[in-house]
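Q: Please take a close look at one part of this structure for me: the packing of its interior. I'd like one connected account, with the terms spelled out as you go.

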Amino acid sequence: MKRSRALVLSVVGALAAALGAVWLAPAAYAASVTASFVKTSDWGTGWEGRYTITNGGTATVNGWSLGFDLPAGTTVGTYWDALLTSSGQRHTFTNRSWNGTIAPGASVSFGFLGSGSGVPSNCRLNGAACTGGTTPTTPPPTTPPPTTPPPTTPPPTTPPPTSPPPTSPPPVTGLPKHILTGYWHNFDNPAVELRLRDVPAEYDLVAVAFADATGTPGAVGFAIDPGLSASLGGYTDADFSADVRTLQGRGKKVIISVGGETGRVVVNSSASAVAFADSVYALIQRYGFDGVDIDLENGLDPIYMAQALRSLRAKVGSSLIIAMAPQTIDMQNPATSYFKLALDIKDILTVVNTQFYNSGAMLGCDNNAAYAQGTVNFIVALACIQLEAGLRPDQVGLGLPAGPGAAGGGIVAPSVVNAALDCLTRGTNCGSFRPPRTYPALRGAMTWSINWDVTHNTPFARTVSPHLRTLP
């Protein structure tokens, strides 16, 4: 989510470009560093694969690059826990920031979806055979691999189950059955600046954007932005804290959102998980927040973030609201890091408001068509993936931009959001795509942002909020 100007994403291409800019091939590694491949599932026309890289040597591996060939007719689509560049049928995966270091005796894994019947061959790990063997006499080339981006549209995910999704009750948070979530800017940009107490009454859950990294790994901090304060003629932390209480007195909930598009919060160890939980808890105590929103758009480690959120839950109790705002690419497959985190903490998770915008075309849960963003079909077909892959309906929200300026693509009229809500909860007002069942408990909708909505005279809140009250 942008702090200042509309975001125009090309997710995979941007990753490839970033990789080319910063990756340097490590020195030659001993033959005891190996990689093994396994198909974790196969549904005939496609499969899910996983590589596990194991350091059987005595020296720490600092950075890895694994490449392989696929036969003609077999392609790579969605992938997770690695970065990807492709040149023809040669595909090269490189570590993310949190899994590049492999201690002696340890291992890391990454996965991807394949379309077609072929399997990887000619695997090379840091320039050497993946099965070990002779150490290269020269380091791998320092020139990054070709940066031709892989297809931006992933292949089908595993077909949805035929049984209904789980219906266990949600945690107690004091929120209505169906909610409208909006983000409030703690910064000054072309949208209207607002004091927190001036958030329109239609919003049930207000996410304060953003808390960001401090000098301590994993820790986050928050204070009223000086630019915002100046634009409002003076707005202090004390004013803000009083406004949190004012909204809560109106029956609203206020949570602190962590990260954002430019955020650099990294939780990738037990120590950083502790620091994250402790620092967020300190913000909750200081400002009175009702919970936390995870909006890390530069990757996350699901294991340590789950540890951090469970620790925070233990400190606050069952009333803690835990929300997430992943990008569409992060919720295409249950094995990806963001999706995996949501499933791993499903027992304490409140809502996942996926950003159904800035993504281009994507595949839905029917596995046979790419849907264009900015349509009812896109919203419904992509939400269906989450609903059929294990999240409860009450944990799924539809995130859309509030209007021009709020996003680079996927902007829709509020009536389109209402149609998608109807299709998912009632089976009415659908486009050509119809989900396999209805989900009356669907949690609601989210918008980036409250400030942009107010800039356009609040059409999103005034249209979507009353419609939410009519849902089953």
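A: Let's start with the vocabulary: helices (H or I, at least four residues) and strands (E, at least two) are DSSP runs, numbered from the N terminus. What you're looking at is a predicted model, where local features need pLDDT of at least 70 and side-chain atom pairs count only at pLDDT 80 or more, while totals for chains, interfaces and linings use all residues. Residues are numbered from 1 along each chain as its sequence is written, and side-chain values use heavy atoms, with hydrogens and water left out.

The chain has ten helices and 22 strands. Of its 472 residues, 56% are buried, where buried means under 20% relative accessible area, exposed means over 50%, and partly exposed is in between (1.4 Å probe, protein chains only). If you take the contacts (heavy atoms within 4.5 Å) between residues at least 6 apart in sequence, 77% of them join residues at least 24 apart.

Now for the interior itself. A nonpolar core here is a set of buried Ala, Val, Leu, Ile, Met, Phe, Trp, Tyr and Cys residues joined through side-chain atoms within 4.5 Å. As background, nonpolar side chains tend to be buried together in soluble globular proteins. The largest core in this chain holds 90 residues, and the members that touch the most other members are Trp-184, Leu-196, Phe-240, Phe-276 and Phe-289. Helix H7 (residues 376–388) is the top contributor, giving ten residues to this core. A separate core of 22 residues lies apart from it, and its members include Ala-207, Phe-210, Ala-407 and Trp-452.

Stay with that second core for a moment. Ala-207 sits in strand E13 and is buried, at 0% relative accessible area. Leaving out residues up to four places away in sequence, Ala-207 touches Gly-182, Tyr-183, Trp-184, Ile-255 and Ser-257. Trp-184 should ring a bell, as one of the best-connected members of the 90-residue core. Tyr-183 is 24 residues from Ala-207 in sequence, yet their C-alpha atoms are 4.7 Å apart. Phe-210 is in E13 too (residues 205–213), and the peptide bond leading into Phe-210 from Ala-209 is cis, with omega near 5°. There's another cis bond between Trp-448 and Ser-449, with omega about 5°; Ser-449 is in the loop between strand E22 (444–448) and helix H9 (450–455). For context, most peptide bonds are trans, and most residues other than glycine have a negative phi.

Back to H7 and its partner. Two packed helices are described by the angle between their axes and the distance between the axes. The axes are lines fitted to C-alpha atoms, for helices over the stretch in contact, and angles run from 0 to 180 degrees between N-to-C directions. H7 and helix H8 (residues 414–426) have axes that come within 9 Å and cross at roughly 40°. Angles under 35 degrees count as roughly parallel, over 145 as roughly antiparallel, 65 to 115 as roughly perpendicular and the rest as oblique, so H7 and H8 are oblique to each other. Their crossing is right-handed, meaning that the near helix is turned clockwise from the far one by less than a right angle (anticlockwise would be left-handed).

Which side chains do the meeting? From H7 come Val-376, Ile-379, Val-380, Ala-383 and Leu-387, and from H8 come Val-416, Ala-419, Ala-420, Cys-423 and Leu-424. That contact divides into ten nonpolar residues, no polar and no charged. Here Ala, Val, Leu, Ile, Met, Phe, Trp, Tyr, Cys and Pro count as nonpolar, Asp, Glu, Lys and Arg as charged, and the others, Gly among them, as polar.

Follow the chain on from there and you reach Asn-429, in the loop between H8 and E22. Asn-429 has a positive phi of about 60°, although it is not a glycine. Thr-458 also has a positive phi, near 60°. Thr-458 is in the loop between H9 and helix H10 (459–468) and counts as buried at 6% relative accessibility.
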